[in-house]
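Colleague: Please take one part of this model, the way its helices pack against each other, and go through it closely. After that, follow the chain outward to the residues and loops around the helices.

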Amino acid sequence: SSMAGLCVRSVLVTGANRGIGLGLVRQFLGLTNPPEWVFAACRDPKGQRAQELQNLASRHPNLVIIPLEVTDPASIKAAAARVGEQLGGSGLNLLINNAGIAKMNSLDNETLENMMQVYTTNTVGPLLLSQAFLPLLKKAAQGSLGSALSCSKAAIINMSSSGGSIAFPYGWDLMQVVSYRCSKAALNMLTKCQSLGYREHCILCAALHPGWVQTDMGSSAGHTPPVTVDASVQGMLKVLSSLSEKDTGTFLDWEGKVVPW
């Protein structure tokens, strides 16, 4: 398959109970050479909204569901400890910061509360998660041969959006979503900072735009997005398998094209 190159021993996906997160978990499990461990993190693993995830876990012993609230430092710390325990002596190869929220507000209706809540989840969450999982990512990088960066070695992938592109603010006429756009523009800068800060640890960092995807979030403005979850996730896994040295700190879409900052 086109994703044969993606060979990760362990991956953690946040916001894994639905949408793109769930799609990623499914396709990782379905790889010809699946990861030894797939960690699926979500807020309420026992709740109704994680039912599909629970069904998958009952069929796949390598899937571990982790409770995680990305805005809560204590929850993040506990999740990192649980993952570390499960991995034994080995590190975590791939952290996918996918959990995110959007508030459908116009420029005139944005509020302090909305701006803060969206920023905390979409930008601060990935920062704190990457800090908490850094020791495990470093361990994975040290445990693999060679110094060339790749997702098979150690990587942080931040799920961004072309809605956060300042050069090309995609879909303004459809959705202003100012708080969301600002949070994703900031997430892109965080990705760049991480790529510079974690370069010495041989950890690759990139931001991905999944396309405008048919999820609860993607469809929330009453439009039907053009891209299915499966197509988006397949594309992204293909992109992940091809990422190397030259791609650290970049912003790419699900087809591997560079998205303007």
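Modeller: In this predicted model, helix H4 and helix H5 (residues 178-197) pack with their axes 9 Å apart, at an angle of about 20°. Angles under 35 degrees count as roughly parallel. H4 and H5 are therefore roughly parallel to each other. Their crossing is right-handed.

The H4 side of this contact is made up of Asn114, Met115, Val118, Tyr119, Asn122, Thr123, Pro126, Leu127 and Ser130. Facing them in H5 are Ser179, Tyr180, Cys182, Ser183, Lys184, Ala186, Leu187, Leu190 and Gln194. Sorted by class, the residues of the contact of H4 with H5 are ten nonpolar, seven polar and one charged.

Each of these two helices is linked to a loop worth a look. Take the start of H5 first. Val177 belongs to the loop between S5 and H5. The phi of Val177 is near 25°, a positive value in a residue other than glycine. Most residues other than glycine have a negative phi. Val177 has a relative accessible area of 7%. Buried means under 20%, so Val177 is buried. Cys202 sits in the loop between H5 and strand S6 (204-209). Cys202 is not a glycine either, and its phi is positive, at about 65°.

Now the loop that joins helix H4 (112-143) to strand S5 (155-159), where Ser150 is found. A polar atom of the Ser150 side chain lies 3.2 Å from the backbone nitrogen of Ser152. Leaving out residues up to four places away in sequence, Ser150 touches Ala155, Leu204 and Leu243.

Ala155 leads on to a strand. Among the residues that Leu94 touches, not counting those up to four places away in sequence, is Ala155. Leu94 is placed in strand S4 (residues 94-97). With a relative accessible area of 0%, Leu94 is buried. Its other contacts, under the same exclusion, include Leu137, Cys151 and Ile157, as well as Phe28 and Leu240. Leu94 also touches Val8, Ser10, Val11 and Leu12. By contrast with these contacts, the C-alpha atoms of Leu94 and Trp261 are separated by 24 Å, the two residues being 167 residues apart along the chain.

Ser10, one of the residues just named, is in strand S1 (residues 10-14). Ser10 has a relative accessible area of 1% and is buried. A polar atom of the Ser10 side chain lies 3.2 Å from the backbone oxygen of Gly91. Ser10 also touches Gly91, along with Leu87, Leu92, Asn93 and Leu94, not counting residues up to four places away in sequence. Pro35, Trp37 and Phe39 complete the list of residues touched by Ser10.

Phe28 and Leu240, both touched by Leu94, bring us to another pair of helices. Phe28 of H1 and Leu240 of H6 take part in the contact between H1 and H6. The axes of H1 and H6 come within 9 Å and cross at roughly 60°. H1 and H6 are therefore oblique to each other. The crossing of H1 and H6 is right-handed. In H1 the contact residues are Gly19, Ile20, Gly23, Leu24, Gln27 and Phe28. In H6 they are Val229, Asp230, Val233, Gln234, Met236, Leu237 and Leu240. By class, the contact of H1 with H6 has eight nonpolar, four polar and one charged residues.

Leu237 is a useful example from this contact. Leu237 lies in helix H6 (residues 229-242). Its relative accessible area is 0%, so Leu237 is buried. Leu237 and Leu24 are 213 residues apart in sequence, yet their C-alpha atoms are 8.1 Å apart in space.

H1 has a further partner. The axes of helix H1 (residues 19-29) and helix H2 (residues 51-59) come within 11 Å and cross at roughly 10°. H1 and H2 are therefore roughly parallel to each other, and their crossing is left-handed. On the H1 side, Leu22, Val25, Arg26 and Leu29 make the contact. On the H2 side, Glu52, Leu53 and Leu56 make it. The contact of H1 with H2 has five nonpolar, no polar and two charged residues.

Terms used: Residues numbered from 1 in each chain as written. Predicted model: local features only at pLDDT ≥ 70, side-chain atom pairs only at ≥ 80, totals over all residues. Heavy atoms only, no water. Axes fitted to C-alpha atoms, helices over the stretch in contact; angles between N-to-C directions. Helix = DSSP H or I, 4+ residues; strand = E, 2+ residues; numbered from the N terminus. Parallel < 35°, antiparallel > 145°, perpendicular 65-115°, else oblique. Left-handed = near helix turned anticlockwise from the far one by under 90°. Contact = heavy atoms within 4.5 Å. Nonpolar A, V, L, I, M, F, W, Y, C, P; charged D, E, K, R; others polar. Buried < 20%, exposed > 50% of the residue type's maximum accessible area, 1.4 Å probe, protein only. Polar contact = N/O pair within 3.5 Å; in protein donor to acceptor, adjacent residues only side chain to side chain.
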